[in-house]
Structure formats: C-alpha cells, structure tokens
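Visitor: I have a model open and would like to go through some of its contacts and sheets. Can we start with a side chain?

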Amino acid sequence: PFEIVASPAAPTLTAVADACAPLAGTTTATLSWGAVAADDYVISLDSNGDGSFDSTVTQAGTSYSWTGLGAGTYNWAVTARKQDAGATITCQSVISATDTFIIVATPAAPVLTAEPDLCITGATAVTLDWTGTASQYVIEFDNDNNGTFGGAGDTSAVTQAGTTYNWAGLTAGTHAWRVLARNSGGTVTCD
C-alpha cells in the first residue's frame, strides 16, 4: 500500500504594521497568518529588501515574533507543510503571497546651537541652527517664553529637512525654540 497526501493550501498572511525602531536599537515584528490543514509552517524573511528570502523559521503555530529587526524594509511569506501518517514524506503548499513592512529608525535628538542675545530697533530675524541626522525637523516656537510652544501668539511650527531656520519678525523680549527630529517611512513617523 501507499499513501497520497494532499498538499495544504497556502496560508493567508495578516499584514504587519510599519513600526519605529527604538533609538540605536532593534524591534520585534509579530508575523501571523490564517491556519490551514498543516503540521507546521515555514516562515521566510527577506531582510535585505531584495526579494530573496535570507532567513527561515519552522514552527507549528500561526504566529511568530521575529526579534532583532533594525531599520529597513522587510518582506515575508509562509509555506504550510503536511506529513503523511508514517512521516516519510512532507508535502508543502505553494508559498503565500508576500507581505512587506518597514521599520523606521527613531532619530537622535538634534543638538541646538545657542543664539546670541541681541540689541534691536524694530523687528528682527534670528538664524536658528542645530545639528542632527534626521530626515526632517519640526521647529516649535514660544514667542513669549511662557513654556507653551504653539500657544496663542506663538509662531506656527515649521517642518523642514534642513538644519537652519530664519525666525523673522521678532520684537524685543525673551523667546524660546525647540527642534524635534523626525524620520518617516511607510505608514509611520518616528520622533
């Protein structure tokens, strides 16, 4: 006698949300899929974003937490496997559709350059400078130095890529500013 084993159906993946990696660290992505008539699943991960799977894990469950993921674009897919009663052959499904998720690096805080005190007549402008490695910066202003950024009477926040901003229209008084570093990718923004 011989046994014919039906290959399992390809699993349906649950999309993984894009995420932020902590500053100078890694994160975990939880990959999950719908159960099919299978003994185990082979989870394949492309960590280079080049379309070739470079890491695999085999397990019986329908969810796997992949740890140690840094910033980048990841593709993943699952293959279901079923063995015959005597465990002499293993049949596998067609590989599932591929899901892609992005992990964005949380940027380091920018370093602000101190601005000199000024003597003015009328309104003036001050050039604000900072250093950082983020792809964008949000500059927030406190025109009356009351500790409330973006309050009534304060200059509206500005988002830009550069590390210099010309704050115009200032009058005599004490003014404060701050900069928030931001990286974006996929569907997430990491501050």
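Visitor: Is D39 buried or exposed, or what does it count as?
Guide: D39 counts as partly exposed, at 37% relative accessibility. Buried means under 20% relative accessible area, exposed over 50%, and partly exposed in between, with a 1.4 Å probe and protein chains only.

Visitor: And where do these values come from?
Guide: This is a predicted model, in which local features need pLDDT of at least 70 and side-chain atom pairs count only at pLDDT 80 or more, while totals for chains, interfaces and linings use all residues. Residues are numbered from 1 along each chain as its sequence is written, and side-chain values use heavy atoms, with hydrogens and water left out.

Visitor: OK. Which residue forms a salt bridge with D39?
Guide: K82 does, with the closest N and O atoms 3.9 Å apart. The two come from distant parts of the chain, 43 residues apart: K82 is in strand 7 (residues 72–83) and D39 in the loop between strand 3 and strand 4 (40–46). A salt bridge here is a side-chain nitrogen of Lys or Arg within 4 Å of a carboxyl oxygen of Asp or Glu. Strands are DSSP runs of E with at least two residues, numbered from the N terminus.

Visitor: What does K82 count as?
Guide: Partly exposed, since the relative accessibility of K82 is 28%.

Visitor: How many salt bridges does the structure hold?
Guide: Four. One of them joins the side chains of R81 and D40, at 2.9 Å from N to O. That pair also links distant parts of the chain, with R81 in strand 7, D40 in strand 4 and their positions 41 residues apart.

Visitor: Is D40 buried or exposed?
Guide: D40 is buried, with a relative accessible area of 17%, whereas R81 is partly exposed at 24%.

Visitor: What about E140, which residue is its salt-bridge partner?
Guide: R178, with the closest N and O atoms 2.5 Å apart. E140 lies in strand 12 and R178 in strand 15 (residues 176–185), so the pair ties together parts that are 38 residues apart in sequence. E140 is partly exposed at 23% relative accessibility, and R178 is partly exposed at 39%.

Visitor: Switching to sheets. In what order do the four strands of the open sheet run?
Guide: The order is 13-12-15-16, with antiparallel pairing. Strands count as paired if DSSP finds at least two bridges between them.

Visitor: Which strands stand at the edges there?
Guide: Strand 13 (158–160) and strand 16 (188–190); each has a single partner strand, so one side of each is left without a neighbour in the sheet. On average, neighbouring strands of this sheet are turned by 30° against each other, direction ignored. Axes are lines fitted to C-alpha atoms, for helices over the stretch in contact, and angles run from 0 to 180 degrees between N-to-C directions.

Visitor: How many bridges hold strand 12 to strand 13?
Guide: Three, with strand 12 covering residues 136–142 and the pairing antiparallel. V138, for example, has T159 in strand 13 as its bridge partner.

Visitor: What does the side chain of Q160 reach?
Guide: The side chain of Q160 reaches the backbone oxygen of G162 at 3.1 Å. A polar atom of that side chain also lies 2.7 Å from the backbone oxygen of T164. Q160 is in strand 13 and counts as buried, at 18% relative accessibility.

Visitor: And the sheet of three strands, what is its order?
Guide: That open sheet runs 1-3-6, again with antiparallel pairing. Strand 1 (13–14) and strand 6 (63–69) are the edge strands, each with a single partner strand, so one side of each has no neighbour in the sheet. Five bridges join strand 3 (residues 27–33) to strand 6, and T30 has S65 as its bridge partner there.

Visitor: Which strand pairs with strand 14 over five bridges?
Guide: Strand 11, in the antiparallel sense, with strand 14 spanning residues 164–170. T127 is bridged to N166 in strand 14. Strand 11 (residues 124–131) also pairs with strand 10 (residues 111–112), antiparallel and over two bridges, where L112 has W130 as its partner.

Visitor: Last topic, the loops. Where is V94 found?
Guide: V94 is in the loop between strand 8 (90–92) and strand 9 (99–105), and is exposed, with a relative accessible area of 63%.

Terms used: A polar contact is a pair of N or O atoms within 3.5 Å; within protein, one must be able to donate a hydrogen and the other to accept it, and residues adjacent in sequence count only if both atoms are side-chain atoms.
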